[in-house]
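Dear colleague,

I am handing over the structure we spoke about, and below it you will find my notes on what turned up when I went through it. Please read them with the coordinates open beside you.

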Amino acid sequence: MSVDWSGRRLEVTLGNPAHGGFCVARHEGRVVFVRHGLPGERVVASVTEDRGGSFCRADAVHILEASPDRRERVCPIAGPGGSGCCDLSHATVPAQRAFGAAVVAEQLRRLGRVERDVLVEELPGGALDGARWRTRVRLAVDAAGRAGYRRYRSHEIETDLACPQIEARAYEGLAERVWRPGSEVQVVLDADGTRHVIEIAPPPVSRTGRRSPGRRGAAARRAAAGAPRAEKVVEGSGRAVERVGGREWHVAATGFWQAHRGAAQAYSDTVGEWAAVS
């Protein structure tokens, strides 16, 4: 019979990086995926989720032996119990890149049986501290009409609009406005510097989705989230201007575009290079 470790505190040494900002640790024969730590650190980890089986999830809540790659957290709303926005806010930028490279190399090795060194390089457009690189965010709205970021693996919302992935001006005036509960707020800073703010209506969840806590309810809620929803342009035109390779696009602010300000150009350059386009 499995024992539920939820809430239990474990003293562990963190091993290899894993997807989602986790490091892998082991305790009493089980794997513990720990967020907010770095490889090689000795930490006290508080178990946040345990569904039985061979593994559980935890947060590093006290650092006993810190990595030399640790720094003061750049994102004030990340960390144990905080929002799910910045997995590696507590790591230096070179360490963040090494962490990501290790995760990709492991996935290639485990899933594709490909042995290859991976290098994560800097994209143009970000700040030296790894912040202010994002051009768009989608915020959730709580029952009181306040916009914010969802906490990690939770429906709870952190309403302190302080995540530094995007420029602070993206948040101006959002906290003072009462939004429609259950809606989402899309904010885009386009290539011209124009801010677009769109309120997206709550998803049309069916009776099953509202009342069933099981798999059928979860499936109904996912289906509703992907269905077309009414949009209200609060600021800007709702059509973002984006430029790549001397060309200009006008795209819906709620449509898809690379979030990193330098990513679309980098992808275009890489494809052109690989295709030997003159």
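Glu41 is the residue I would begin with, because at 0% relative accessibility it counts as buried. Please keep in mind throughout that this is a predicted model, so that every value here is computed from predicted atoms.

The side chain of Glu41 meets that of Arg70 in a salt bridge, with 2.8 Å from N to O. Arg70 lies in the loop between β6 (55-65) and α1, while Glu41 lies in the loop between β4 (30-35) and β5, so the pair ties together parts that are 29 residues apart in sequence. The two partners differ in their surroundings: Arg70 is partly exposed, with a relative accessible area of 22%, whereas Glu41 is buried. As general background, side chains of opposite charge can pair when their charged atoms come close.

A second pair involves Arg42, whose side chain meets that of Glu11 in a salt bridge at 3.5 Å, again from N to O. This pair links distant parts of the chain, since Glu11 sits in strand β1 (residues 9-13) and Arg42 in strand β5 (residues 42-49), 31 residues apart. Here Glu11 counts as partly exposed, at 45% relative accessibility, and Arg42 also counts as partly exposed, at 25%.

Further along the chain, Glu167 and Arg169 bring their side chains together in a salt bridge of 3.0 Å, N to O. Glu167 is partly exposed with a relative accessible area of 26%, and Arg169, at 30% relative accessibility, counts as partly exposed as well.

Beyond these pairs, there is a network of salt bridges that links Glu49, Arg51, Arg57 and Arg153. For the overall tally, a search of the whole structure finds 24 salt bridges, and the pairs described above, including Glu41 with Arg70, are given as examples.

Turning from charged to nonpolar side chains, which residues make the nonpolar surface patch of about 180 Å²? The patch is made by Val104, Leu108 and Val114. Of these residues, Val114 lies in the loop between α1 (93-112) and β7 (136-141), and at 30% relative accessibility Val114 counts as partly exposed.

With best regards

Key: Residues numbered from 1 in each chain as written. Predicted model: local features only at pLDDT ≥ 70, side-chain atom pairs only at ≥ 80, totals over all residues. Heavy atoms only, no water. Patch = residues over 30% accessible without salt bridge, like charges linked within 9 Å, V, L, I, M, F, W, Y side chains within 5 Å. Areas by Shrake-Rupley, 256 points an atom, 1.4 Å probe, with all protein chains shown as cover. Salt bridge = Lys/Arg side-chain N within 4 Å of Asp/Glu carboxyl O. Helix = DSSP H or I, 4+ residues; strand = E, 2+ residues; numbered from the N terminus. Buried < 20%, exposed > 50% of the residue type's maximum accessible area, 1.4 Å probe, protein only.
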